[in-house]
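Here are a few exercises to work through with the model open beside you. Try each task before you read its solution.

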Amino acid sequence: MEVTVAFTPSEARSAPVAIAIDVIRATSTISAALAAGFESVRCVAEIADARALAGTARLAGERGCVRVDGFDFGNSPAELAAASGAGALALTTTNGTRLLVAAAARCERVYAGCLANLAAVTAAVARDAPERVALLCAGADGAFALDDAYTAGRYVQLLGGSRDDSAVAAATLATRFESARAALDRSRSAANLRRVGLEADVDWCARESVLDVVPVVVSRDRAAATLAADRGRSSAG
């Protein structure tokens, strides 16, 4: 198995298996929502697309880190983890949901990976045994994001296999920090959350392998990607 890393969405290529990473916060939020009991998370790029799903799904999302006006939830894993989940959730975010929609259009099988489900998603990919797995970082407004790169590095370390130069770089970067929290604390993404009083989400996103939920894309179209827990490989209770 060859492991590659795309540090920004513009670097992303197609692959048999992809792990989409937006650790602060979209893929963490998706994992928390499915673990809390939501049956599915429909990721859309635009606020209007999410609003169109009102009545069939509860709405979650942010712009500028802040909950979209009128939505049930923000893009907050801490908030979703404490929710009474049921039915469908529609999610729109600045970076992560766009990445997932694009990845679903390009790749055969797409997982949502974060630190919280690191061990579970790694084990699922190992069972897939693909020739190549691509780690796709959401970044921040199209640019490199330290938090996503660190998380990709942790996946590279656990996945094994052969590594291209980008995967070697990610794994090496991950060794430079004493802990996940130390890495995330240095990121602009964490600073943005602290600025609006969402320190609890930084805490939540920095926890490693505390969930065994494995979010995978189960349906896709031009404007959306829907994820559900891979029930054969996770327990969301």
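One term first: a residue is buried when its relative accessible area is under 20%, exposed when it is over 50%, and partly exposed in between, using a 1.4 Å probe and protein chains only. Keep in mind that this is a predicted model, where local features need pLDDT of at least 70, side-chain atom pairs count only at pLDDT 80 or more, and totals for chains, interfaces and linings use all residues. Residues are numbered from 1 along each chain as its sequence is written, and side-chain values use heavy atoms, with hydrogens and water left out.

**Exercise 1. Get a feel for the whole chain.**
Work out whether the radius of gyration agrees with that of a compact globule or disagrees.

Solution. Start with the parts: the protein chain has ten helices and eleven strands (DSSP runs, H or I of at least four residues for helices and E of at least two for strands, numbered from the N terminus). Next, look at the extent: the C-alpha trace spans about 45 × 35 × 35 Å along its principal axes. Now the check. The radius of gyration is taken over C-alpha atoms, and the globule rule is 2.2 Å times the number of residues to the power 0.38. For 237 residues that rule puts a compact globule near 18 Å, and the chain's 16 Å agrees. Finally, buried residues make up 56% of the 237.

**Exercise 2. Follow a salt bridge across the sequence.**
Find where Asp201 and Arg25 sit, and decide whether each is buried or exposed.

Solution. A salt bridge here is a side-chain nitrogen of Lys or Arg within 4 Å of a carboxyl oxygen of Asp or Glu, and the structure holds eleven of them. In this one, the side chains of Asp201 and Arg25 meet at 2.7 Å, N to O. Asp201 belongs to helix H10 (residues 199-205), while Arg25 is in the loop between strand E2 (17-21) and helix H1 (26-35), so the pair links distant parts of the chain, 176 residues apart. Asp201 has 2% relative accessibility, so it counts as buried. Arg25, at 4%, counts as buried too.

**Exercise 3. Compare two further pairs.**
Say which parts of the chain are tied together by Arg109 with Asp230, and by Asp203 with Arg181.

Solution. Take Arg109 and Asp230, whose closest N and O atoms are 2.8 Å apart. Arg109 is in strand E7 (residues 109-113) and Asp230 in the segment after strand E11 (224-229), so parts 121 residues apart in sequence are tied together. Arg109 is partly exposed at 27%, whereas Asp230 is buried at 13%.

Then Asp203 and Arg181, with closest N and O atoms 2.0 Å apart. This pair joins helix H10 to helix H8 (residues 180-185), parts that are 22 residues apart in sequence. Salt bridges with shared partners join Arg181, Asp185, Arg194, Glu199 and Asp203 into one network.

**Exercise 4. Explore the largest pocket.**
Which helix gives the most to the lining of the largest pocket?

Solution. A pocket is an open set of points on a 1 Å grid over the protein atoms alone, where a 1.4 Å probe fits, with protein on both sides within 12 Å along at least five of seven lines; lining residues have an atom within 4 Å of a point. The largest pocket has a volume of about 310 Å³ (the space filled by probe spheres set on the points, which are joined across faces, edges and corners). Of its 21 lining residues, the closest to the centre are Ile24, Cys65, Thr94, Asn95 and Asn192. Helices H6 (146-159) and H9 (188-195) each supply at least two lining residues, and H9 gives the most, with four.
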